[in-house]
Amino acid sequence: MAGAKPSLLARAKSLGFSDRQIAALVGATEADVRALRKRIGLVPAYRLVDTCAAEFEAYTPYYYSTYDTGDDEVRQTDTRKVMILGGGPNRIGQGIEFDYCCVHAAFALKELGFETIMVNSNPETVSTDYDTSDKLYFEPLTLEDVLHIYEREGCWGAIAQFGGQTPLNLALGLQQNGVNIIGTSPQSIEIAEDRKLFAAMLDKLNIPQPPNGLATNEEEALAAAARIGYPVLVRPSFVLGGRAMQIVYADDELRQYMRFAVEASPERPVLVDKFLEEATEVDVDCIADIGVGGDTVVLGGLLEHIEFAGCHSGDAAMVLPPHSLRKDVIETMRQHTHAMARELKVAGLMNVQFAVKGKDVWVLEVNPRASRTVPFVSKAIGRPLAKLAAKVMTGVTLTELGFTKEIWPKFFSVKESVFPFSKFPGQDILLGPEMRSTGEVMGIGAEWGVAYAKAQMAASPALPRQGRVFISVRDSDKKAIVPVARELAALGFELCATDGTARLLTGAGLKVATLFKLSEGRPNCLDLIKNGELQLIINTPAGKSPRADEVKIRTAAVANKISIMTTLAGAKAAVLGIRALRERGLSVAPLQEYHAALRKA
């Protein structure tokens with residue numbers, strides 16, 4: 001960079017080239033380009049977005065950067081400033097749940113007297129509303145752009161743990177460039193995300209995790225799978241929403257995955273984990289003040305997944321408090337969570353994902369940051385966890401905030417995910433380790449069956465109270481489907497099934513109408529769907545690769561707004577919900593009433 005012409009560099013910046021792009025073109029590093037710019041005084045100016053369409057002077061503090069320098073409009077103040085990094089564009093895996101956390105952080109910091117600087121490039125969020133933060137910068141979430149703003153504003157600190165994976169990936173680079181990352185340190189976040197460091201921490205704490213390995217190429221992946229044993233869960237490191245995550249059952253599938261699904265490298269290895277079939281997954285959100293000199297860890301909530309492990313936590317239906325976990329299992333998870341929060345010196349929020357099978361508990365992963373379940377847990381327990389966490393990150397302890405004990409509601413809250421399948425005709429609706437949901441809803445009730453029914457009603461389609469149900473399940477589910485079918489028959493539903501399932505149910509003493517498979521003739525399931533003669537479908541996949549008939553049935557059910565369950569756990573929950581609706585009906589109360597009851601308890 002020594003011979004670079006300042007005029008050429010200035011022209012490149014005015015045309016929109018980033019430091020990284022310039023570095024790649026001249027064979028230098030991004031840091032070299034940044035150092036040269038600073039040396040020659042080439043930094044962006046910030047202008048106000050004209051929110052008044054040039055009719056009169058705009059005062060709303062929305063800023064954008066430009067290298068058309070000479071007219072900087074940033075209004076300096078002497079107030080101590082904290083920068084909050086948003087999540088950027090909404091996409092599957094990183095959506096509005098993280099924006100909720102950023103908004104609550106802005107409100108909390110204002111209460112403490114800080115000036116809040118929001119950095120986000122997405123106008124479709126609440127964090128970019130005019131009255132959320134003191135100043136808003138519509139800028140990309142890159143190291144270059146964030147550093148410019150931090151230095152221009154003279155910020156005291158920055159919060160990178162509330163906007164999801166995008167700002168989190170910047171934390172270490174920002175810290176190395178002098179940014180004060182408040183809250184849990186980037187080094188602790190690195191321990192949780194780096195597989196080798198994480199495994200060493202769990203070994204030190206004597207906390208079990210599923211057998212696992214790392215692979216930077218196809219041969220290493222095959223060796224890891226041979227050592228661990230199939231099925232395995234494979235995924236790239238440092239990704240959003242379980243992107244490119246897959247459950248693999250054989251060498252050929254693993255070769256295909258390594259060749260076409262991901263680009264493995266020593267910097268970004270592929271994680272290979274033993275897949276725990278038929279284990280229950282549990283999400284735990286906690287808040288701690290260990291990293292700011294406190295000594296308190298509080299579990300905000302334990303969310304039991306309704307689907308078995310293998311369904312991405314962003315897609316899974318969850319219930320809080322857990323409805324079927326043993327007390328000793330809950331205590332084990334509590335102890336593990338406390339131990340990890342202390343070891344990582346957490347200051348703010350932490351999410352842990354556990355897998356439970358009987359009395360055995362494994363840690364799947366730990367994220368010392370805000371998770372997508374924080375807004376749901378906050379609504380369920382009546383305490384704004386993100387707001388409390390933001391105050392903790394500035395040095396306020398949980399004792400000073402008056403939040404030192406767990407809250408266990410006497411009612412059940414169910415989180416159900418909303419999917420865009422109706423917008424994509426023909427797309428199979430089966431869920432897996434890669435996140436597919438685009439929203440979520442909440443159902444609350446005194447019994448968990450009622451709460452589940454309300455959540456299904458909100459997510460649409462609602463559970464039926466009567467009618468006809470079609471059942472077609474894989475061989476491994478046939479024994480367990482009999483009590484579900486018996487319960488539906490007792491509730492007055494007519495049962496119909498294809499030949500194999502029909503013979504099983506008839507043998508169990510149930511009255512079942514036999515339907516042809518799609519390839520065998522008519523009447524078949526599709527005919528009943530199109531004629532509006534089915535109200536509920538239970539269809540679990542017959543193998544690793546979905547059969548064409550199954551896909552047609554599932555997509556037709558979505559198109560015709562028929563309630564469909566693709567897991568045995570979902571079918572059991574549906575039966576509980578239907579029974580609750582039939583026996584007790586629905587009652588509605590505002591959220592504030594539930595929270596008032598919690599405060600009295």
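Helices (H or I, at least four residues) and strands (E, at least two) are DSSP runs, numbered from the N terminus. The model is predicted, so local features need pLDDT of at least 70 and side-chain atom pairs count only at pLDDT 80 or more, while totals for chains, interfaces and linings use all residues. Residues are numbered from 1 along each chain as its sequence is written, and side-chain values use heavy atoms, with hydrogens and water left out.

A cavity is a set of points on a 1 Å grid over the protein atoms alone where a 1.4 Å probe fits but cannot get out, and its lining residues have an atom within 4 Å of a point. Three cavities of 30 Å³ or more are present in the structure. The second largest holds about 70 Å³ of space, a volume being the space filled by probe spheres set on the points. Strand β12 (residues 297–308) contributes the most to the lining of this second largest cavity, with four residues. Among the lining residues are Leu 320, Ile 381 and Trp 408.

Helix α4 is summarised below.

| Property of α4 | Value |
|---|---|
| Residue range | residues 96–111 |
| Length | 16 residues |
| Span, first C-alpha to last | 23 Å |
| Expected span at 1.5 Å a residue | 22 Å |

Twelve of the 16 residues of α4 are buried (under 20% relative accessible area, 1.4 Å probe, protein chains only), so α4 is largely enclosed by the rest of the structure. The buried residues include Phe 98, Tyr 100 and Leu 109. Packing partners of the buried residues include β3 (81–85), α13 (374–381) and β17 (439–445). Just after α4, Gly 113 adopts a positive phi of about 95 degrees.

Technical notes:
1 Å grid on protein atoms, 1.4 Å probe; cavity = no way out; pocket = protein on both sides within 12 Å on 5 of 7 lines; lining within 4 Å. Expected span 1.5 Å × (residues − 1). Buried < 20%, exposed > 50% of the residue type's maximum accessible area, 1.4 Å probe, protein only. Contact = heavy atoms within 4.5 Å.
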